[in-house]
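Colleague: I should like to learn how to read this model. May we go through its features in turn?

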Amino acid sequence: MQRDFYLVTRDLHLYAGLFISPFVVLFALSVFVLVHPAGFLPSVSAPQAARSVRNLEIPARLENLSGRPRVEAVRSLLDQAGVNGEIGYIRYTPKEHRLSIPVNIPGRETTLDLDLNSRNATIVVRETGVWDALVQLHKSPGPHLAEIRMNWIAMRLWRWLADATVYLLLFISASGIYLWTVLRSERRAGIAILIAGAVSFCGMVYALVAG
Amino acid sequence: MPWSPVNTFEFWNRRLHYYIGLYLLFFVWLFALTGLLLNHPAWKFAEFWPTRRQAAFERQIARPPAAPDLTQAKNILAQLGLTGEIEWTSARADARRLDFRASRPGHIFEIKTDFDRERATVERIDLNTWGVMHILHTFTGVRAGDSRNQRDWMLTSMWVWSMDAVAIGLMTMVFGSYYMWWRLRRERAWGLVALISGWMACWLFVVGLRLLE
(Lines give C-alpha, C1' and ligand atoms only; values in the text may rest on other atoms or scores of the structure.)
Protein backbone atom coordinates (compact mmCIF):
# COMPACT_ATOMS: atom_id res chain seq x y z
CA MET A 1 0.00 0.00 0.00
CA GLN A 2 2.73 2.42 1.03
CA ARG A 3 4.82 1.40 -1.95
CA ASP A 4 1.87 2.00 -4.28
CA PHE A 5 1.38 5.43 -2.79
CA TYR A 6 5.08 6.17 -3.26
CA LEU A 7 5.04 5.04 -6.89
CA VAL A 8 1.88 6.97 -7.76
CA THR A 9 3.23 10.10 -6.07
CA ARG A 10 6.56 9.72 -7.87
CA ASP A 11 4.86 9.34 -11.26
CA LEU A 12 2.55 12.29 -10.66
CA HIS A 13 5.52 14.39 -9.51
CA LEU A 14 7.37 13.44 -12.67
CA TYR A 15 4.58 13.99 -15.20
CA ALA A 16 3.13 17.10 -13.60
CA GLY A 17 6.66 18.47 -13.33
CA LEU A 18 7.44 17.78 -16.97
CA PHE A 19 4.18 19.39 -18.10
CA ILE A 20 4.61 22.62 -16.16
CA SER A 21 8.38 22.85 -16.62
CA PRO A 22 8.13 25.14 -19.68
CA PHE A 23 5.80 27.45 -17.76
CA VAL A 24 8.25 27.52 -14.86
CA VAL A 25 11.02 28.42 -17.32
CA LEU A 26 8.80 31.12 -18.83
CA PHE A 27 8.07 32.69 -15.44
CA ALA A 28 11.70 32.35 -14.34
CA LEU A 29 13.15 33.91 -17.50
CA SER A 30 10.72 36.81 -17.38
CA VAL A 31 11.83 37.53 -13.79
CA PHE A 32 15.19 38.73 -15.15
CA VAL A 33 13.50 41.22 -17.48
CA LEU A 34 11.15 42.42 -14.75
CA VAL A 35 13.82 42.97 -12.10
CA HIS A 36 16.62 44.15 -14.41
CA PRO A 37 14.73 46.07 -17.10
CA ALA A 38 17.78 48.21 -17.92
CA GLY A 39 19.73 45.11 -18.95
CA PHE A 40 17.21 44.16 -21.61
CA LEU A 41 17.13 46.52 -24.54
CA PRO A 42 13.60 46.83 -25.83
CA SER A 43 13.27 45.08 -29.15
CA VAL A 44 10.29 47.11 -30.23
CA SER A 45 10.16 47.26 -34.00
CA ALA A 46 9.27 50.36 -35.94
CA PRO A 47 5.54 50.44 -36.43
CA GLN A 48 4.38 48.82 -39.60
CA ALA A 49 2.75 51.08 -42.17
CA ALA A 50 -0.63 52.15 -40.83
CA ARG A 51 -3.65 50.74 -42.58
CA SER A 52 -7.10 52.22 -42.67
CA VAL A 53 -10.50 50.66 -42.43
CA ARG A 54 -13.52 52.60 -43.59
CA ASN A 55 -17.23 52.61 -42.88
CA LEU A 56 -17.14 50.62 -39.69
CA GLU A 57 -20.48 49.85 -38.15
CA ILE A 58 -20.36 51.62 -34.80
CA PRO A 59 -22.35 49.95 -32.00
CA ALA A 60 -25.10 52.16 -30.60
CA ARG A 61 -24.17 54.54 -27.75
CA LEU A 62 -20.59 53.26 -27.76
CA GLU A 63 -19.21 56.47 -26.27
CA ASN A 64 -21.61 56.23 -23.33
CA LEU A 65 -20.71 52.67 -22.41
CA SER A 66 -18.07 51.81 -19.85
CA GLY A 67 -16.32 48.76 -18.41
CA ARG A 68 -17.08 45.34 -19.80
CA PRO A 69 -20.03 46.41 -22.00
CA ARG A 70 -17.76 48.92 -23.76
CA VAL A 71 -15.11 46.24 -24.29
CA GLU A 72 -17.71 43.90 -25.74
CA ALA A 73 -19.00 46.63 -28.03
CA VAL A 74 -15.47 47.44 -29.17
CA ARG A 75 -14.83 43.77 -29.88
CA SER A 76 -17.33 43.92 -32.75
CA LEU A 77 -15.36 46.84 -34.19
CA LEU A 78 -12.13 44.87 -33.93
CA ASP A 79 -13.75 41.96 -35.71
CA GLN A 80 -14.77 44.26 -38.54
CA ALA A 81 -11.23 45.63 -38.72
CA GLY A 82 -9.65 42.17 -38.59
CA VAL A 83 -7.80 42.85 -35.34
CA ASN A 84 -7.38 40.11 -32.71
CA GLY A 85 -6.10 40.26 -29.18
CA GLU A 86 -6.60 41.40 -25.63
CA ILE A 87 -8.07 44.89 -25.34
CA GLY A 88 -5.94 46.78 -22.81
CA TYR A 89 -8.01 49.87 -22.10
CA ILE A 90 -10.15 52.18 -24.17
CA ARG A 91 -9.43 55.88 -24.27
CA TYR A 92 -12.23 58.16 -25.40
CA THR A 93 -11.47 61.75 -26.42
CA PRO A 94 -14.83 63.53 -26.34
CA LYS A 95 -13.60 66.72 -28.01
CA GLU A 96 -12.37 64.88 -31.08
CA HIS A 97 -15.01 62.17 -30.78
CA ARG A 98 -12.32 59.52 -31.12
CA LEU A 99 -11.51 56.21 -29.49
CA SER A 100 -8.01 54.85 -29.07
CA ILE A 101 -7.83 51.12 -28.41
CA PRO A 102 -4.57 49.26 -27.77
CA VAL A 103 -4.90 45.55 -28.49
CA ASN A 104 -2.23 43.10 -27.37
CA ILE A 105 -1.12 39.70 -28.44
CA PRO A 106 1.98 38.63 -26.46
CA GLY A 107 4.85 40.23 -28.39
CA ARG A 108 2.68 42.45 -30.57
CA GLU A 109 0.79 45.66 -29.91
CA THR A 110 -1.86 46.93 -32.28
CA THR A 111 -3.43 50.34 -31.82
CA LEU A 112 -6.74 51.12 -33.42
CA ASP A 113 -7.68 54.79 -33.61
CA LEU A 114 -11.31 55.29 -34.47
CA ASP A 115 -12.93 58.49 -35.63
CA LEU A 116 -16.53 58.07 -34.52
CA ASN A 117 -17.75 60.84 -36.85
CA SER A 118 -16.30 59.47 -40.07
CA ARG A 119 -16.44 55.82 -38.88
CA ASN A 120 -12.89 55.35 -40.20
CA ALA A 121 -10.14 53.68 -38.22
CA THR A 122 -6.37 53.72 -38.50
CA ILE A 123 -4.52 50.60 -37.38
CA VAL A 124 -0.85 50.57 -36.41
CA VAL A 125 0.99 47.35 -35.52
CA ARG A 126 4.27 47.11 -33.56
CA GLU A 127 6.19 43.94 -32.82
CA THR A 128 7.49 44.08 -29.24
CA GLY A 129 9.46 40.83 -29.24
CA VAL A 130 9.76 37.62 -27.28
CA TRP A 131 11.01 39.18 -24.04
CA ASP A 132 8.05 41.50 -23.96
CA ALA A 133 5.79 38.52 -24.66
CA LEU A 134 7.27 36.71 -21.64
CA VAL A 135 6.77 39.75 -19.41
CA GLN A 136 3.24 40.26 -20.64
CA LEU A 137 2.37 36.64 -19.91
CA HIS A 138 4.07 36.79 -16.51
CA LYS A 139 1.92 39.78 -15.57
CA SER A 140 -1.35 38.43 -16.95
CA PRO A 141 -4.03 38.63 -15.80
CA GLY A 142 -2.65 40.67 -12.90
CA PRO A 143 -4.51 42.81 -10.40
CA HIS A 144 -5.30 45.87 -12.53
CA LEU A 145 -8.40 46.62 -14.62
CA ALA A 146 -9.89 43.36 -13.41
CA GLU A 147 -13.30 44.31 -14.75
CA ILE A 148 -12.18 44.36 -18.36
CA ARG A 149 -9.13 42.09 -18.39
CA MET A 150 -9.11 38.64 -19.97
CA ASN A 151 -11.50 39.77 -22.68
CA TRP A 152 -9.87 37.60 -25.36
CA ILE A 153 -10.35 33.84 -25.39
CA ALA A 154 -6.61 33.10 -25.64
CA MET A 155 -5.87 35.15 -22.54
CA ARG A 156 -8.73 33.49 -20.68
CA LEU A 157 -7.03 30.20 -21.48
CA TRP A 158 -3.73 31.68 -20.31
CA ARG A 159 -5.31 32.68 -16.98
CA TRP A 160 -6.36 29.07 -16.52
CA LEU A 161 -2.86 27.82 -17.37
CA ALA A 162 -1.20 30.36 -15.07
CA ASP A 163 -3.41 29.20 -12.20
CA ALA A 164 -2.76 25.56 -13.09
CA THR A 165 0.98 26.26 -12.99
CA VAL A 166 0.67 27.52 -9.40
CA TYR A 167 -1.49 24.61 -8.25
CA LEU A 168 0.79 22.07 -9.90
CA LEU A 169 3.87 23.79 -8.49
CA LEU A 170 2.37 23.53 -5.01
CA PHE A 171 1.59 19.87 -5.63
CA ILE A 172 5.09 19.23 -6.95
CA SER A 173 6.72 20.89 -3.96
CA ALA A 174 4.52 18.97 -1.50
CA SER A 175 5.06 15.65 -3.30
CA GLY A 176 8.77 16.46 -3.58
CA ILE A 177 8.96 16.81 0.19
CA TYR A 178 7.28 13.44 0.59
CA LEU A 179 9.65 11.79 -1.92
CA TRP A 180 12.63 13.32 -0.12
CA THR A 181 11.50 12.10 3.30
CA VAL A 182 11.42 8.55 1.94
CA LEU A 183 15.14 8.80 1.13
CA ARG A 184 16.65 8.13 4.55
CA SER A 185 20.20 8.85 3.43
CA GLU A 186 19.29 12.40 2.40
CA ARG A 187 17.31 13.34 5.48
CA ARG A 188 20.00 14.92 7.61
CA ALA A 189 21.47 17.10 4.84
CA GLY A 190 17.97 17.89 3.57
CA ILE A 191 16.75 19.05 6.96
CA ALA A 192 19.80 21.28 7.36
CA ILE A 193 19.19 22.82 3.94
CA LEU A 194 15.47 23.21 4.58
CA ILE A 195 16.22 25.03 7.84
CA ALA A 196 18.83 27.19 6.12
CA GLY A 197 16.26 28.12 3.46
CA ALA A 198 13.60 28.90 6.07
CA VAL A 199 16.02 31.07 8.06
CA SER A 200 17.12 32.96 4.92
CA PHE A 201 13.53 33.49 3.89
CA CYS A 202 12.23 34.57 7.28
CA GLY A 203 15.28 36.73 7.95
CA MET A 204 14.95 38.51 4.65
CA VAL A 205 11.21 39.07 4.98
CA TYR A 206 11.61 40.27 8.56
CA ALA A 207 14.34 42.71 7.54
CA LEU A 208 12.21 44.06 4.70
CA VAL A 209 9.03 44.43 6.70
CA ALA A 210 10.16 45.31 10.18
CA GLY A 211 13.92 45.68 10.27
CA MET B 1 29.40 2.82 -7.88
CA PRO B 2 32.71 3.34 -9.75
CA TRP B 3 33.82 6.93 -10.27
CA SER B 4 33.18 8.39 -13.70
CA PRO B 5 32.23 11.87 -14.88
CA VAL B 6 28.73 10.62 -15.71
CA ASN B 7 28.24 9.06 -12.28
CA THR B 8 29.54 12.19 -10.58
CA PHE B 9 27.22 14.35 -12.65
CA GLU B 10 24.25 12.10 -11.84
CA PHE B 11 25.10 12.10 -8.14
CA TRP B 12 25.24 15.89 -7.92
CA ASN B 13 22.40 16.51 -10.33
CA ARG B 14 20.07 14.42 -8.17
CA ARG B 15 21.24 16.04 -4.97
CA LEU B 16 21.03 19.53 -6.40
CA HIS B 17 17.43 18.79 -7.33
CA TYR B 18 16.58 17.97 -3.69
CA TYR B 19 18.76 20.60 -2.12
CA ILE B 20 17.70 23.51 -4.33
CA GLY B 21 14.07 22.49 -3.95
CA LEU B 22 14.36 22.35 -0.17
CA TYR B 23 16.32 25.59 0.14
CA LEU B 24 13.95 27.54 -2.09
CA LEU B 25 10.77 25.93 -0.75
CA PHE B 26 9.47 28.97 1.16
CA PHE B 27 10.48 31.41 -1.57
CA VAL B 28 8.68 29.32 -4.18
CA TRP B 29 5.57 29.02 -2.03
CA LEU B 30 5.54 32.77 -1.47
CA PHE B 31 5.90 33.66 -5.15
CA ALA B 32 3.43 30.96 -6.24
CA LEU B 33 0.75 31.92 -3.73
CA THR B 34 1.14 35.65 -4.26
CA GLY B 35 1.06 35.10 -8.01
CA LEU B 36 -2.30 33.44 -7.51
CA LEU B 37 -3.50 36.33 -5.35
CA LEU B 38 -2.35 38.91 -7.90
CA ASN B 39 -4.28 37.08 -10.60
CA HIS B 40 -7.45 37.00 -8.49
CA PRO B 41 -7.99 40.54 -7.22
CA ALA B 42 -11.65 39.73 -6.55
CA TRP B 43 -10.78 37.30 -3.76
CA LYS B 44 -12.17 39.19 -0.79
CA PHE B 45 -10.27 37.33 1.90
CA ALA B 46 -6.98 38.68 0.57
CA GLU B 47 -8.05 42.33 0.37
CA PHE B 48 -5.54 44.73 1.81
CA TRP B 49 -6.10 48.21 0.38
CA PRO B 50 -9.55 48.87 1.86
CA THR B 51 -8.29 47.76 5.28
CA ARG B 52 -5.14 49.90 5.22
CA ARG B 53 -4.36 52.10 8.21
CA GLN B 54 -3.37 55.67 7.56
CA ALA B 55 -1.73 58.21 9.80
CA ALA B 56 -0.16 61.58 9.15
CA PHE B 57 2.34 63.54 11.16
CA GLU B 58 4.61 66.52 10.81
CA ARG B 59 8.18 66.75 12.04
CA GLN B 60 10.88 69.33 12.33
CA ILE B 61 13.84 68.58 10.08
CA ALA B 62 17.17 70.22 9.42
CA ARG B 63 17.64 71.45 5.88
CA PRO B 64 19.81 68.79 4.16
CA PRO B 65 23.07 69.99 2.59
CA ALA B 66 23.03 70.76 -1.13
CA ALA B 67 23.38 67.42 -2.88
CA PRO B 68 21.65 65.26 -5.49
CA ASP B 69 17.96 64.52 -4.81
CA LEU B 70 18.65 60.95 -3.70
CA THR B 71 21.24 62.00 -1.15
CA GLN B 72 18.92 64.65 0.24
CA ALA B 73 16.04 62.16 0.40
CA LYS B 74 18.23 59.67 2.30
CA ASN B 75 19.24 62.44 4.67
CA ILE B 76 15.59 63.29 5.36
CA LEU B 77 14.69 59.63 5.86
CA ALA B 78 17.51 59.27 8.37
CA GLN B 79 16.29 62.36 10.24
CA LEU B 80 12.78 60.89 10.33
CA GLY B 81 14.07 57.49 11.45
CA LEU B 82 12.58 55.78 8.41
CA THR B 83 14.00 53.33 5.91
CA GLY B 84 12.76 52.04 2.60
CA GLU B 85 13.03 52.17 -1.15
CA ILE B 86 12.85 55.76 -2.36
CA GLU B 87 10.51 56.43 -5.22
CA TRP B 88 10.09 59.70 -7.08
CA THR B 89 6.44 60.39 -7.56
CA SER B 90 6.75 63.72 -9.35
CA ALA B 91 9.40 65.82 -11.05
CA ARG B 92 11.10 68.28 -8.71
CA ALA B 93 10.01 71.77 -9.63
CA ASP B 94 11.19 73.71 -6.59
CA ALA B 95 14.62 73.39 -4.96
CA ARG B 96 13.09 74.38 -1.61
CA ARG B 97 10.84 71.33 -1.57
CA LEU B 98 11.49 67.63 -1.95
CA ASP B 99 8.57 65.23 -2.20
CA PHE B 100 9.03 61.51 -2.50
CA ARG B 101 7.75 58.14 -1.39
CA ALA B 102 9.64 55.61 0.69
CA SER B 103 8.19 52.14 0.72
CA ARG B 104 8.87 48.69 2.08
CA PRO B 105 6.57 45.67 2.05
CA GLY B 106 3.63 46.59 4.25
CA HIS B 107 4.50 50.24 4.74
CA ILE B 108 4.34 53.27 2.49
CA PHE B 109 5.55 56.73 3.54
CA GLU B 110 4.55 59.74 1.43
CA ILE B 111 6.95 62.49 2.41
CA LYS B 112 6.59 66.16 1.60
CA THR B 113 9.23 68.59 2.80
CA ASP B 114 9.49 72.32 3.01
CA PHE B 115 13.13 73.29 3.46
CA ASP B 116 12.34 76.93 4.23
CA ARG B 117 10.08 75.97 7.14
CA GLU B 118 12.30 72.98 7.95
CA ARG B 119 9.23 70.78 8.22
CA ALA B 120 8.40 67.36 6.80
CA THR B 121 4.87 66.04 6.46
CA VAL B 122 4.65 62.26 6.45
CA GLU B 123 1.61 60.28 5.46
CA ARG B 124 2.05 56.71 6.60
CA ILE B 125 0.10 53.78 5.18
CA ASP B 126 0.28 50.36 6.83
CA LEU B 127 -1.02 47.24 5.07
CA ASN B 128 -2.10 43.91 6.48
CA THR B 129 -0.30 40.60 5.93
CA TRP B 130 -1.94 40.09 2.54
CA GLY B 131 -0.64 43.49 1.49
CA VAL B 132 2.85 42.55 2.65
CA MET B 133 2.67 39.35 0.60
CA HIS B 134 1.39 41.16 -2.49
CA ILE B 135 4.18 43.70 -2.35
CA LEU B 136 6.89 41.10 -1.75
CA HIS B 137 5.99 39.62 -5.13
CA THR B 138 6.60 42.88 -6.99
CA PHE B 139 9.12 44.68 -4.77
CA THR B 140 11.95 45.37 -7.22
CA GLY B 141 12.50 49.13 -6.92
CA VAL B 142 12.48 49.57 -10.69
CA ARG B 143 10.00 49.65 -13.51
CA ALA B 144 10.50 49.21 -17.23
CA GLY B 145 10.55 52.55 -19.00
CA ASP B 146 11.09 54.53 -15.79
CA SER B 147 14.74 55.57 -15.73
CA ARG B 148 14.35 58.03 -12.83
CA ASN B 149 13.63 55.39 -10.23
CA GLN B 150 16.60 53.17 -9.51
CA ARG B 151 17.11 50.69 -6.68
CA ASP B 152 18.49 52.68 -3.79
CA TRP B 153 17.90 50.53 -0.71
CA MET B 154 20.26 47.68 0.06
CA LEU B 155 17.44 45.39 1.19
CA THR B 156 15.61 45.88 -2.11
CA SER B 157 18.77 44.76 -3.91
CA MET B 158 19.06 41.74 -1.63
CA TRP B 159 15.43 40.82 -2.27
CA VAL B 160 16.00 41.15 -6.02
CA TRP B 161 19.03 38.85 -5.76
CA SER B 162 16.72 36.38 -4.01
CA MET B 163 14.33 36.64 -6.94
CA ASP B 164 17.22 36.02 -9.34
CA ALA B 165 18.35 33.07 -7.22
CA VAL B 166 14.86 31.57 -7.20
CA ALA B 167 14.63 31.93 -10.98
CA ILE B 168 18.08 30.40 -11.55
CA GLY B 169 17.39 27.65 -9.01
CA LEU B 170 14.08 26.72 -10.62
CA MET B 171 15.63 26.56 -14.07
CA THR B 172 18.48 24.42 -12.74
CA MET B 173 15.91 22.06 -11.22
CA VAL B 174 13.90 21.94 -14.45
CA PHE B 175 16.83 21.14 -16.73
CA GLY B 176 18.36 18.75 -14.21
CA SER B 177 15.04 16.94 -13.96
CA TYR B 178 14.97 16.43 -17.73
CA TYR B 179 18.18 14.43 -17.46
CA MET B 180 16.89 12.37 -14.52
CA TRP B 181 13.67 11.63 -16.36
CA TRP B 182 15.44 10.67 -19.58
CA ARG B 183 17.44 8.07 -17.67
CA LEU B 184 14.17 6.35 -16.65
CA ARG B 185 13.53 4.39 -19.82
CA ARG B 186 10.10 3.18 -18.73
CA GLU B 187 8.87 6.72 -18.16
CA ARG B 188 10.15 8.18 -21.41
CA ALA B 189 7.06 7.81 -23.57
CA TRP B 190 4.51 9.38 -21.22
CA GLY B 191 7.06 11.87 -20.03
CA LEU B 192 7.61 12.95 -23.60
CA VAL B 193 3.85 13.43 -24.03
CA ALA B 194 3.71 15.62 -20.90
CA LEU B 195 6.80 17.59 -21.84
CA ILE B 196 5.84 18.21 -25.45
CA SER B 197 2.32 19.23 -24.38
CA GLY B 198 3.80 21.76 -21.98
CA TRP B 199 6.28 23.19 -24.45
CA MET B 200 3.69 23.40 -27.22
CA ALA B 201 1.26 25.23 -24.94
CA CYS B 202 4.02 27.65 -23.97
CA TRP B 203 5.16 28.12 -27.56
CA LEU B 204 1.59 28.87 -28.55
CA PHE B 205 1.40 31.81 -26.15
CA VAL B 206 4.93 33.17 -26.53
CA VAL B 207 5.22 32.93 -30.31
CA GLY B 208 2.35 31.00 -31.83
CA LEU B 209 -0.50 33.44 -31.27
CA ARG B 210 1.34 36.02 -33.35
CA LEU B 211 2.13 33.58 -36.12
CA LEU B 212 -1.33 32.11 -36.21
CA GLU B 213 -3.11 35.46 -36.33
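**Reading the two chains**

Modeller: Buried residues make up 26% of the 213 residues in chain B. Please bear in mind throughout that this is a predicted model.

Colleague: What radius of gyration does chain B have, and what would a compact globule of 213 residues have?

Modeller: A compact globule of that many residues would have a radius of gyration near 17 Å, whereas chain B has 24 Å. The C-alpha trace of chain B spans about 75 × 45 × 35 Å along its principal axes.

Colleague: Which elements make up chain B, and in what order do they run?

Modeller: Chain B contains 6 helices and 5 strands. Read from the N terminus, their order is α-α-β-α-β-β-β-β-α-α-α. As for contacts in chain B with a separation of 6 or more, 55% are between residues 24 or more positions apart.

Colleague: How should the domains be read?

Modeller: One looks at the bounds, then at the centres, then at the contacts. In chain B the domain assignment gives domain 1 as 5-39 + 161-212 and domain 2 as 44-156. The centres of these two domains of chain B, taken over C-alpha atoms, are 37 Å apart.

Colleague: How many residues of domain 1 of chain B are in contact with domain 2 of chain B?

Modeller: In chain B, 6 residues of domain 1 are in contact with 5 residues of domain 2. The domain 1 side of this contact in chain B has 4 nonpolar, 2 polar and no charged residues.

Colleague: What does the domain assignment give for chain A?

Modeller: For chain A, domain 1 is 2-38 + 159-209 and domain 2 is 51-127. Here 42 Å separate the centres of domain 1 and domain 2 of chain A, again over C-alpha atoms.

Colleague: Let us turn to a single helix. How does one check the length of helix 5 of chain B?

Modeller: One compares the expected span with the distance between the ends. Helix 5 of chain B covers residues 154-182, and at 1.5 Å a residue its 29 residues should span 42 Å. Its end C-alpha atoms are 42 Å apart, so the two values agree.

Colleague: Which residues of helix 5 of chain B are buried?

Modeller: A general idea helps first. An α-helix has 3.6 residues a turn, so residues three or four places apart point the same way. In helix 5 of chain B, the buried residues are B:Leu155, B:Thr156, B:Trp159, B:Ser162, B:Met163, B:Val166, B:Ala167, B:Leu170, B:Met173 and B:Ser177.

Colleague: What covers the buried residues of helix 5 of chain B?

Modeller: The cover includes elements of both chains: helix 1 (2-35) and helix 5 (187-209) of chain A, together with helix 1 (5-23), helix 2 (25-39) and strand 2 (85-87) of chain B.

Colleague: How many residues of chain A are in contact with chain B?

Modeller: There are 56 residues of chain A in contact with 55 residues of chain B. On the chain A side, the elements that give two or more residues are helix 1, helix 3 (129-138), helix 4 (153-182) and helix 5. Helix 1 of chain A provides the largest share of that side, 17 residues. By class, the chain A side divides into 43 nonpolar, 9 polar and 4 charged residues.

Colleague: How are the strands of chain A to be read?

Modeller: One follows the bridges and the direction. Strand 5 (residues 108-115) and strand 6 of chain A run antiparallel and are joined by 8 bridges. Within this pair, A:Arg108 has A:Glu127 as its bridge partner. Strand 1 (residues 51-53) of chain A also runs antiparallel to strand 6 (residues 120-127) of chain A, with 3 bridges. There, A:Ser52 is partnered by A:Thr122 in strand 6 of chain A.

Colleague: Where does a positive phi occur in the hairpin of strand 5 and strand 6 of chain A?

Modeller: This hairpin of chain A has 4 residues between its strands, and A:Arg119 takes a positive phi near 65 degrees. In chain B, B:Glu118 has a positive phi of about 55 degrees although it is not a glycine. B:Glu118 belongs to the loop between strand 4 (107-114) and strand 5 (119-126) of chain B.

Colleague: Is B:Glu118 buried or exposed?

Modeller: B:Glu118 counts as exposed, because it has 12 C-beta neighbours inside 10 Å and the cut-off for exposed is 12 or fewer.

Colleague: What joins A:Ser140 and A:Pro141?

Modeller: A cis peptide bond joins them, with omega about 0 degrees. A:Pro141 lies in the loop between helix 3 and helix 4 of chain A. A:Met150 is also found in the loop between helix 3 and helix 4 of chain A, and its phi is positive, near 60 degrees. A:Met150 is partly exposed, with 19 other C-beta atoms within 10 Å.

How values were computed. Residues numbered from 1 in each chain as written. Chains lettered and ligands numbered in written order. Predicted model: local features only at pLDDT ≥ 70, side-chain atom pairs only at ≥ 80, totals over all residues. Expected span 1.5 Å × (residues − 1). Buried ≥ 20, exposed ≤ 12 C-beta atoms within 10 Å, placed from the backbone. Contact = placed C-beta atoms within 7 Å. Nonpolar A, V, L, I, M, F, W, Y, C, P; charged D, E, K, R; others polar. Rg over C-alpha atoms; globule rule 2.2 N^0.38 Å. Pairing = 2+ DSSP bridges. Domains from an automatic or database assignment.
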